[in-house]
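I opened my notebook to jot down what I looked up, one entry at a time. Here is what I was looking at.

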Amino acid sequence: VTMTVIHNLGFPRIGAKRELKFAQEAYWKGETTAAELQDVAKALRARHWQNQAGFDFVPVGDFTLYDHVLDMSVTLGNLPKRAYEGGGDELDAFFRTARGRSPLDKGAGVAAGEMTKWFNSNYHYIVPEFDANTSFKLNPQRLLDQIKEAQALGVKSVKPVIIGPVTYLWLGKSKDDSDRLALLERLLPVYKQLLNELAQAGAEWVQIDEPCLVTTLDKDWRQAVKTAYHELNRTTPKILLTTYFSDFGDNLNLLHDLPVDGVHLDTINAAGEIHKLVDLLPATKVISLGVVDGRNIWKTDLNRLLGTLGPIRDRLGDRLWLAPSSSLLHVPVDLDQEDTLDGEIKNWLAFALQKLDELRVLKKALDGGRDSVKAELDANAAALAARRASTRVHSETVKARVKAVTPDMGNRKSPYATRAPKQHAAIKQPLFPTTTIGSFPQTTEIRHARAAFKKGDLSLADYEAAMKKEIELVVREQEKLDLDVLVHGEAERNDMVEYFGELLDGFAFTKFGWVQSYGSRCVKPPVIYGDVTRPEPMTVRWSQYAQSLTNKVMKGMLTGPVTILQWSFVRNDIPRSTVCKQIAVALSDEVLDLEKAGIKVIQIDEPAIREGL
């Protein structure tokens with residue numbers, strides 16, 4: 001009997017109640033020991049493996065105390081030398097690389113490793129450092145220990161997850177401008193040794209993540225992929241080559257002759273390549289399709305998906321594996337915890353645990369027929385139909401406004417040369433005006449006032465009075481420093497995206513929808529579920545108050561549409577570009593209202609514009 005294989009690429013590490021964050025921070029402060037931190041980590045891993053019961057392969061090594069790329073640097077013996085300067089053990093060196101200090105360090109610590117975005121996601125990794133003399137030395141203990149741990153808990157089919165050699169070099173930076181690719185020759189023997197040790201520890205398959213294959217690679221990098229996998233083919237375990245976040249594009253033809261045992265495709269972002277991959281790969285290779293969205297929180301349309309998968313399953317038989325599109329690191333852990341979320345919206349969502357359930361239903365339907373999971377499929381269809389029909393999702397007014405946006409609106413009425421003298425006359429600034437980018441620190445006073453207001457211990461009037469006091473403090477500070485264009489410091493804003501999301505219609509907020517941004521920093525992205533509108537001005541009152549305190553020019557401050565889009569869970573029933581336009585239209589109303597209120601300079605913050613391109 002042909003059975004569909006289901007597996008997972010990775011599970012969120014933070015814990016359903018952010019247990020890892022609190023354990024990390026207590027350890028860093030010196031309030032707990034390394035052993036206590038490891039106990040929390042061990043308990044989380046055990047729970048997460050239990051959550052994945054019934055899966056044919058369960059990931060091991062996807063858990064980390066800070067970052068999985070940094071873990072790979074440890075495994076390859078490639079932490080920077082400065083990480084060992086303060087003494088201590090491997091954990092101290094690990095945290096020094098991550099954050100510049102370990103609990104041992106009383107002084108200034110060392111320079112932390114550079115941190116940057118993991119592809120186009122909002123997760124940040126610690127950049128590996130190389131130079132011409134970099135050497136590698138295998139340190140497999142973390143992975144071997146976790147395999148043993150999983151086996152002791154009865155997990156039979158462990159699938160270690162590692163970052164591939166080409167992606168590891170691609171993600172890193174050369175500190176002396178030497179060629180990173182020249183290190184491949186030194187790196188591959190360590191990878192071969194690692195793969196053989198993983199096989200000896202009981203791993204039949206190893207998931208090797210090579211997401212650099214969804215980027216544009218020049219001929220040298222493409223050659224490196226061929227070299228690497230022909231070399232790694234001489235090892236014992238079977239290799240599942242894994243990519244995510246986009247399609248292979250020009251790199252697809254590399255796969256035909258690559259000596260790997262299986263390939264994973266993110267079908268949420270590369271649906272057009274499913275049949276190309278099925279046609280391309282020889283009949284000996286496994287094809288893993290990422291069919292449940294690992295990056296977003298909407299329920300999967302299971303009935304429609306089964307219609308797509310049926311013929312592929314008939315063709316591939318047990319060569320078909322199903323998984324989430326990427327690691328579930330990018331979604332919150334458990335929707336069932338959400339006891340305050342609007343019930344109608346909650347019924348449209350799926351967090352990590354619910355996504356695992358969706359895969360279990362797909363497996364049963366493909367193996368035992370749809371009738372074997374009729375109740376689950378009917379409930380799924382009803383939830384999706386309710387979302388499509390909901391009057392809260394669609395607004396004809398918004399649609400009409402977005403439709404009315406023309407390319408010509410992107411052009412200013414007059415050239416800069418005409419505008420500049422008028423602007424100078426209107427706001428009379430020196431040749432090089434000084435200003436600051438925006439938000440001042442959220443002080444203890446601000447945080448206490450906000451917490452008291454949320455609990456109901458502080459009235460709205462008293463809360464606003466407290467925020468006004470903080471605004472006045474920063475205005476006076478900037479006047480003392482003799483800045484020319486002032487900011488109000490954004491004391492009233494809890495977060496640069498959440499603040500606007502709470503004041504716009506079409507956004508919902510979760511209570512436990514945390515995802516890891518980096519290390520112990522977790523964020524709770526808003527959920528954009530419907531057409532976006534601005535019921536009333538959001539910042540005008542605060543900007544006017546701030547302007548009333550000074551004769552200097554006060555900037556209005558807004559978060560831009562691309563950043564709001566990138567840092568939210570975005571609805572998937574219309575194009576992202578349309579959602580972005582809706583937010584832009586709502587913000588343009590705010591700009592016009594600020595202008596009417598006499599605010600002469602408006603700053604729009606777009607820190608996420610690059611990843612959103």
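Before anything else, a working definition: I call it a contact when heavy atoms are within 4.5 Å. I also keep in mind that this is a predicted model.

**Entry: Glu 498**

I started with Glu 498, which sits in helix 18, residues 498-503. Which residues does Glu 498 contact, once neighbours within four places in sequence are left aside? I found Phe 509, Lys 524 and Pro 526. Then I looked for a salt bridge, and Glu 498 has none, although Glu 498 is buried. The nearest side chain of opposite charge is Lys 524, 4.3 Å away. My cut-off for a salt bridge is 4 Å between a side-chain nitrogen of Lys or Arg and a carboxyl oxygen of Asp or Glu, so this pair doesn't make the list.

**Entry: salt bridges that do count**

How many salt bridges does the structure hold? I got 34. I picked three of them to follow up.

Arg 45 and Glu 149 meet through their side chains at 2.8 Å, N to O. Arg 45 is in helix 2 (residues 34-51) and Glu 149 in helix 5 (residues 141-152), so this pair ties together parts that lie 104 residues apart in sequence. Are these partners buried or exposed? Arg 45 is buried, at 9% relative accessible area, and Glu 149 is buried too, at 14%.

Next I took Arg 476 and Glu 479, whose salt bridge is 2.9 Å, N to O. Both lie in helix 17 (residues 460-480), three residues apart, which is about one turn of the helix. Arg 476 counts as partly exposed at 31% relative accessibility, and Glu 479 as partly exposed at 28%.

My third pick was Lys 596 with Asp 593, where the closest N and O atoms are 3.6 Å apart. These two are also three residues apart, about one turn, in helix 21. Lys 596 is exposed at 71%, whereas Asp 593 counts as buried at 18%. After that I noted a network: salt bridges with shared partners join Arg 387, Lys 399, Asp 531, Arg 571 and Asp 573.

**Entry: a three-stranded sheet**

I traced an open sheet of three strands, in the order 14-17-19, with mixed pairing. Which strands are at the edges? They are strand 14 (505-508) and strand 19 (569-570), each pairing on one side only. Strand 14 and strand 17 (residues 527-533) run antiparallel and are joined by three bridges. Across that pairing, I saw Ala 508 opposite Val 527 of strand 17. Helix 21 (residues 576-596) packs on this sheet and touches strand 17 and strand 19. Its direction makes about 50 degrees with that of strand 17.

**Entry: strand 11**

Why do I call strand 11 largely enclosed by the rest of the structure? Seven of its seven residues, 286-292, are buried, so that description follows. Strand 10 (residues 262-266) runs parallel to strand 11, and five bridges join them. One thing I wrote down here is that Asp 266 has Gly 290 in strand 11 as its bridge partner.

**Entry: nonpolar cores**

Last, I checked the largest nonpolar core, which has 111 residues. Which members touch the most other members? They are Trp 118, Tyr 229, Leu 289 and Leu 322. A second, separate core has 35 residues, including Val 540, Met 554, Leu 558 and Ala 586.

Technical notes: Residues are numbered from 1 along each chain as its sequence is written. This is a predicted model: local features need pLDDT of at least 70, side-chain atom pairs count only at pLDDT 80 or more; totals for chains, interfaces and linings use all residues. Side-chain values use heavy atoms; hydrogens and water are left out. Helices (H or I, at least four residues) and strands (E, at least two) are DSSP runs, numbered from the N terminus. Buried means under 20% relative accessible area, exposed over 50%, partly exposed in between (1.4 Å probe, protein chains only). Lys and Arg count as positive and Asp and Glu as negative; His and the chain ends are not counted. A nonpolar core is a set of buried Ala, Val, Leu, Ile, Met, Phe, Trp, Tyr and Cys residues joined through side-chain atoms within 4.5 Å. Two strands pair if DSSP finds at least two bridges between them. Axes are lines fitted to C-alpha atoms, for helices over the stretch in contact, and angles run from 0 to 180 degrees between N-to-C directions.
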